[in-house]
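Work through the exercises below with the structure open. Each task is followed by its solution.

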Amino acid sequence: MSKYQIKKTINSQYRWVLKATNGETLITSETYTTNQNCLNGIASSKISVSDKNFERKSSISGQPYFNQGANNYQVLGTSEMYSSIAARDNGIDSVKRNAPTATIEDLS
């Protein structure tokens, strides 16, 4: 089963990572000042899964990646860099499928 993992950063903030069922990282959140705010970000990620919530982007070197945005257009998280547009689009589809039912594992 897919899961959100909450981790504490070096500067005592929090971030979540959405992992697919195979353990691959799908998306990594922005940082949050409190654990509760991090949980709120996860709740937003779980419901922000329509196509309008995903901004398809390319890095300076041309590698495709995406941002997931909340319904208020705030960036929730960023994907890894992908080798192709098709791979990036598969990553978006995986977030859409996995996020709503993912469990939460607090490692902070």
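The model is predicted.

**Exercise 1.** Describe the turn between S4 and S5, then the pairing of the two strands.

*Solution.* Start at the turn. S4 and S5 form a hairpin, with five residues between them. Gly62 sits in that turn and has a positive phi of about 90°. Next, take the directions. S4 (residues 54-58) and S5 (residues 64-69) run antiparallel, joined by five bridges. Now check the register. Arg56 has Phe66 as its bridge partner in S5. For Glu55, the partner in S5 is Asn67.

**Exercise 2.** Place the hairpin strands in the sheet and find which strands are at the edge.

*Solution.* Write out the order: S4-S5-S6-S3-S2-S1-S7. The sheet is open, has seven strands and shows mixed pairing. S4 and S7 (103-106) each pair on one side only, and these are the edge strands. From one strand to the next, the twist averages 25°. Then add the helix. H2 (residues 85-98) lies across S2 (14-19), S3 (25-29), S4 and S5. Its angle to S5 is about 25°.

**Exercise 3.** Trace the largest nonpolar core and state which element gives the most to it.

*Solution.* Count first: this core has 20 residues. Those with the most contacts inside it are Tyr4, Trp16, Leu18, Cys38, Phe66 and Val95. Then sort by element. S1 (3-8), S2, S3, H1 (35-47) and H2 each supply at least two residues. S2 gives the most, with three. Finally, inspect Leu18. Beyond its neighbours within four places in sequence, Leu18 contacts residues including Tyr4, Ile27, Val95 and Ala102.

Definitions and conventions. Residues numbered from 1 in each chain as written. Predicted model: local features only at pLDDT ≥ 70, side-chain atom pairs only at ≥ 80, totals over all residues. Heavy atoms only, no water. Pairing = 2+ DSSP bridges. Helix = DSSP H or I, 4+ residues; strand = E, 2+ residues; numbered from the N terminus. Axes fitted to C-alpha atoms, helices over the stretch in contact; angles between N-to-C directions. Contact = heavy atoms within 4.5 Å. Core = buried A, V, L, I, M, F, W, Y, C linked by side-chain atoms within 4.5 Å. Buried < 20%, exposed > 50% of the residue type's maximum accessible area, 1.4 Å probe, protein only.
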